[in-house]
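Please open the model in a viewer and keep the selection panel at hand. The tour proceeds from one selection to the next and states what is found at each stop.

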Amino acid sequence: MGSKNKLKRFKENETFENVLQPTREEVVSGEFQYKGKWNSDFFKNNNPIIVELGCGKGEYTIGLAERNPNINYIGIDVKGARFWRGAKTAIETGMNNVGFVRTQIELIENIFSSHEISEIWITFPDPQIKYKRTKHRMTNSEFLKMYKRILKPEGVVNLKTDSEFMHGYTLGLLHGEGHEVLYSNHNVYKNEGSPSEVTEIQTFYENQYLEINKAITYIRFKIK
């Protein structure tokens, strides 16, 4: 994407009511205005809140929100030029159950209060295969602890990835730490029983993976 296009999208994001772009200082200092108040002040309803971490273009956030108008969805990504597409689609189609936040995923405890979220989706994250990158894997022990703090007691996490490494690493960690694996599938388009929201919503990159017959994996789990 050219720099002119990025600048145009950044400017347009500033006009979108469903996009929040707090500074890092604002988030770290605890001054983010919607923490603990997403239902009352942003969505203005008491519906459950589901968060997509690393939402990219926002395809999953939008796809889930279309299917479930009585659930609120928030896409989180540090790259606003990416989720511009999802935010714009939500506005153009009159979807009031969608929001996007431009921030780092490691700061989500400054964005949400404890037990404010019902569910988390992680779609096609960077698997961070090198050992020295372990701390950046979005399903490592530290991230799981953070997710548990913002999730409601019965909250769940969904991981959808094209990375066999990420799938295996996560399953091993979940079993090793005693978390509850609710569902696991190493090829969702070939094995029966895959949830409809896993196979019927596809991202831009997922379609590319499918064109070369790359297996897509999925895990749904609870953090103990």
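Contact here means heavy atoms within 4.5 Å. The model is a predicted one.

**Stop 1: asparagine 158**

Select asparagine 158, which sits in strand E6. With a relative accessible area of 0%, asparagine 158 is buried, because buried means under 20%. Beyond its neighbours within four places in sequence, asparagine 158 is in contact with Glu119, Ile120, Trp121, Ile122, Tyr218, Ile219 and Arg220. Display the side chains of asparagine 158 and arginine 220 next: a polar contact of 2.8 Å joins them.

**Stop 2: aspartate 162**

Move along the chain to aspartate 162, in the loop between strand E6 (151-161) and helix H7 (164-177). Is aspartate 162 buried or exposed? Its relative accessibility is 11%, so aspartate 162 counts as buried. Neighbours within four places in sequence aside, the contacts of aspartate 162 are Phe124, Tyr209, Lys214, Ala215 and Ile216. With lysine 214, aspartate 162 shares a side-chain polar contact of 2.9 Å. A distance label between the C-alpha atoms of aspartate 162 and proline 127 should read 9.3 Å, although 35 residues separate the two along the chain.

**Stop 3: the nonpolar cores**

In soluble globular proteins, nonpolar side chains tend to be buried together. Select Trp38, Leu53, Ile74, Phe112, Ile120 and Tyr147: of the 38 residues in the largest nonpolar core, these touch the most other members. Helix H3 (38-43), E2, strand E3 (72-77), E5, helix H6 (141-150), E6, H7 and strand E8 (217-222) each give two or more residues to this core. Centre the view on tyrosine 147. Leaving out neighbours within four places in sequence, tyrosine 147 is in contact with Leu53, Ile108, Ile120, Ile122, Met138 and Ile223. Then colour Ile50, Cys55, Phe83 and Trp84, which are among the 23 residues of a second, separate core.

**Stop 4: threonine 103 and lysine 79**

Threonine 103 is located in the loop between strand E4 (98-102) and strand E5 (117-123). Its relative accessible area is 4%, and threonine 103 is therefore buried. Apart from neighbours within four places in sequence, threonine 103 is in contact with Val27, Ile76, Asp77, Val78 and Ile111.

Select lysine 79 next, in the loop between E3 and H5. Lysine 79 is partly exposed, with a relative accessible area of 43%. The C-alpha atoms of lysine 79 and glycine 56 lie 7.5 Å apart, while 23 residues separate the pair in sequence.

**Stop 5: the pockets**

Switch to a surface representation. Rolling a probe the size of a water molecule over the atoms shows where empty space is left. How much space lies in the largest pocket? The volume is about 980 Å³. Among the 38 residues that line the largest pocket, Gly54, Gly56, Asp77, Arg82 and Phe124 are the closest to its centre. Two or more lining residues come from each of helix H1 (3-13), strand E2 (49-53), helix H4 (59-67), helix H5 (80-92) and helix H9 (204-211). By class, the lining of the largest pocket comprises 15 nonpolar, ten polar and 13 charged residues.

End at the second largest pocket, whose volume is about 220 Å³. To display its lining, select Glu17, Asn18, Tyr34, Asp41, Phe42, Lys44, Ile91, Gly94, Met95, Asn96 and Val98. Five residues of this lining are nonpolar, three are polar and three are charged.

Technical notes
Residues are numbered from 1 along each chain as its sequence is written. This is a predicted model: local features need pLDDT of at least 70, side-chain atom pairs count only at pLDDT 80 or more; totals for chains, interfaces and linings use all residues. Side-chain values use heavy atoms; hydrogens and water are left out. Helices (H or I, at least four residues) and strands (E, at least two) are DSSP runs, numbered from the N terminus. Buried means under 20% relative accessible area, exposed over 50%, partly exposed in between (1.4 Å probe, protein chains only). A polar contact is a pair of N or O atoms within 3.5 Å; within protein, one must be able to donate a hydrogen and the other to accept it, and residues adjacent in sequence count only if both atoms are side-chain atoms. On a 1 Å grid over the protein atoms alone, a cavity is a set of points where a 1.4 Å probe fits but cannot get out, and a pocket is an open set with protein on both sides within 12 Å along at least five of seven lines; lining residues have an atom within 4 Å of a point. Grid points are joined across faces, edges and corners, and a volume is the space filled by probe spheres set on the points. Ala, Val, Leu, Ile, Met, Phe, Trp, Tyr, Cys and Pro count as nonpolar, Asp, Glu, Lys and Arg as charged, and the others, Gly among them, as polar. A nonpolar core is a set of buried Ala, Val, Leu, Ile, Met, Phe, Trp, Tyr and Cys residues joined through side-chain atoms within 4.5 Å.
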